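Let's walk through this one from the overall fold down to the core. Have the coordinates open as you read.

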Amino acid sequence: MSIHEALRKSGDQVSPARDDRVSPARDDSVRKGEHTLRVDWPACKAHGVCAEILPEVVSLDQWGFPIVSGAVTDDVLEMARAAVKACPTLALRLIQPPRRP
Ligand code: SF4
């Protein structure tokens, strides 16, 4: 069973309050938009955990480095947070959409 399948079956999702990289207050204000993932390339060591957890958004190139395609939609947002937390080198960040006036 892959990490992705295990997380989905366990229901072990990361709440905004448990994710120290996304403040709950800011998270409430961004549900209207779409989040994106950003890779810190010098920090990324091609472990591939992110693609296992979030295959809807992340695939791997031939060397195992992530290819992020598109925005993180609401239906995979919790898995994106789990991918960020699971990255062993803290190379993955979830970027919140800009606030609307
Ligand atoms: S889990 Fe982290 S280190 Fe591994 S490929 Fe993804 S971003 Fe890079």
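**From fold to core**

Of the protein's 101 residues, 22% are buried, meaning that 20 or more other C-beta atoms lie within 10 Å of the residue's own, with C-beta atoms placed from the backbone. Keep in mind that this is a predicted model: local features need pLDDT of at least 70, side-chain atom pairs count only at pLDDT 80 or more, and totals for chains, interfaces and linings use all residues. Numbering starts from 1 along each chain as its sequence is written.

You'll find four helices and four strands here, taken as DSSP runs (H or I, at least four residues, for helices; E, at least two, for strands) and numbered from the N terminus. Reading from the N terminus, the order is α-α-β-α-β-β-α-β. As for contacts (C-beta atoms, placed from the backbone, within 7 Å), 65% of those with a separation of 6 or more join residues 24 or more positions apart.

Now for the core. The largest nonpolar one has 17 residues; such a core is a set of buried Ala, Val, Leu, Ile, Met, Phe, Trp, Tyr and Cys residues joined through C-beta atoms within 7 Å. Cys-50, Leu-54, Val-58, Ala-80, Ala-83 and Leu-92 have the most contacts inside it. Both α3 (49-53) and α4 (77-86) supply at least two of its residues, and α4 gives the largest share, six.

Which residues does Val-58 contact, leaving aside its neighbours within four places in sequence? They are Leu-37, Cys-50, Ala-51, Pro-66, Ile-67, Val-68 and Ala-83.

Conventions. A residue is buried if 20 or more other C-beta atoms lie within 10 Å of its own, exposed if 12 or fewer, and partly exposed in between; C-beta atoms are placed from the backbone. Two residues are in contact if their C-beta atoms, placed from the backbone, lie within 7 Å.
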